[in-house]
Amino acid sequence: MLLAKLDIINAELSMKYDRNIIVQTSGRIKTPESIRAKLRKKGYEETYEMAQEKINDIVGVRAVCSFMDDLYLVAKALEQHRDVRTVKVKDYLQEPKRSGYRSLHLIVEVPIYFQGEELWRRAEIQLRTAAMDFWAGLDHQLIYKRGLKEAKLIGQELYEYAQIVEELDRKMVELRDRIAAI
């Protein structure tokens with residue numbers, strides 16, 4: 001449902017701004033093993049009820065945009081949908097993580113219809129530029145998943161690259177605006 005909404009938002013915004021806003025979407029549902037591991041890591045009991053209460057990203061959706069300001073356009077468009085309730089916004093664009101990670105995360109609730117009942121469930125939507133997505137993928141592969149002993153050294157280098165990514169994203173918006181003014 002969220003992927004379909006992002007496709008609709010992309011169509012609407014692309015027509016309005018005469019350019020493609022969302023260049024890629026993806027989604028996933030955490031596996032039961034991953035849910036249990038996250039509950040264990042956070043010190044919670046490994047139950048269905050605890051997962052529903054404490055884990056916001058059992059369902060995860062990502063939209064990748066060309067330009068940084070498009071991330072806010074997509075977030076604003078999502079807020080206009082009556083069947084998407086924004087619970088929390090984590091703006092890692094304005095306040096990047098210590099690692100340099102940048103993204104706009106929305107924790108939302110959406111209705112799920114199951115056995116004739118409407119249940120509102122949380123999902124996480126990550127909005128990134130292509131450059132941010134590339135950086136985050138490398139960070140995930142090199143540090144998060146491997147737990148390298150050299151992580152501090154690699155982390156510092158990745159942080160420096162995150163600054164370059166931020167500069168690139170800013171310059172791309174400037175270039176787009178200059179081209180549009182011609």
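Which residue forms a salt bridge with E109? Select E109 in this predicted model and then bring up R85, which is the partner, with the closest N and O atoms 3.6 Å apart. The bridge links distant parts of the chain, since E109 belongs to strand β4 (residues 104-114) while R85 belongs to strand β3 (residues 85-91), and the two positions lie 24 residues apart in numbering. Colouring by accessibility will show E109 as partly exposed, at a relative accessible area of 21%, and R85 as partly exposed too, at 39%. This pair belongs to a total of 17 salt bridges in the structure, of which a few more are visited below.

Next, select D133 and R128, whose side chains meet in a salt bridge with an N to O distance of 2.8 Å. Here R128 is buried, because its relative accessible area of 6% falls under the 20% limit used for that word.

Move on to helix α6 (residues 151-181), where E174 and R170 lie 4 residues apart, about one turn of the helix. Their side chains form a salt bridge at 2.5 Å, N to O, and both residues are partly exposed, E174 with a relative accessible area of 38% and R170 with 33%. Then select R19, D69, D70, R176 and D177 together, as these residues are joined into one network by salt bridges that share partners.

Keep R176 on display and add F67: the charged end of R176 sits over the ring of F67, 4.7 Å from the ring centre.

From D70, a member of that network, widen the selection to helix α4 (residues 68-79), whose buried residues are M68, D70, L71, V74, A75, A77 and L78. Looking down the axis, you should find these residues on the same side of α4, because they cover an arc of only 165 degrees around it.

The last stop is an aromatic one. A pair of aromatic rings is described by the distance of the centres and the angle of the planes. Select Y92 and Y101, whose ring centres are 5.8 Å apart and whose planes stand at 65 degrees, so that the pair is edge-to-face; the count of aromatic pairs in the structure comes to 1. Both Y92 and Y101 are buried. Finally, add K97 to the view, and you will find K97 lying over the face of Y101, at 5.2 Å from the ring centre.

Technical notes. Residues are numbered from 1 along each chain as its sequence is written. This is a predicted model: local features need pLDDT of at least 70, side-chain atom pairs count only at pLDDT 80 or more; totals for chains, interfaces and linings use all residues. Side-chain values use heavy atoms; hydrogens and water are left out. A salt bridge is a side-chain nitrogen of Lys or Arg within 4 Å of a carboxyl oxygen of Asp or Glu. Buried means under 20% relative accessible area, exposed over 50%, partly exposed in between (1.4 Å probe, protein chains only). The arc is that of the directions from the helix axis to the C-beta atoms. Rings of Phe, Tyr and Trp (its six-membered ring) pair if their centres lie within 6.5 Å; planes under 30 degrees apart count as stacked, over 60 as edge-to-face and the rest as tilted. A charge sits over a ring if NZ of Lys or CZ of Arg is within 6 Å of the ring centre and within 35 degrees of the ring normal.
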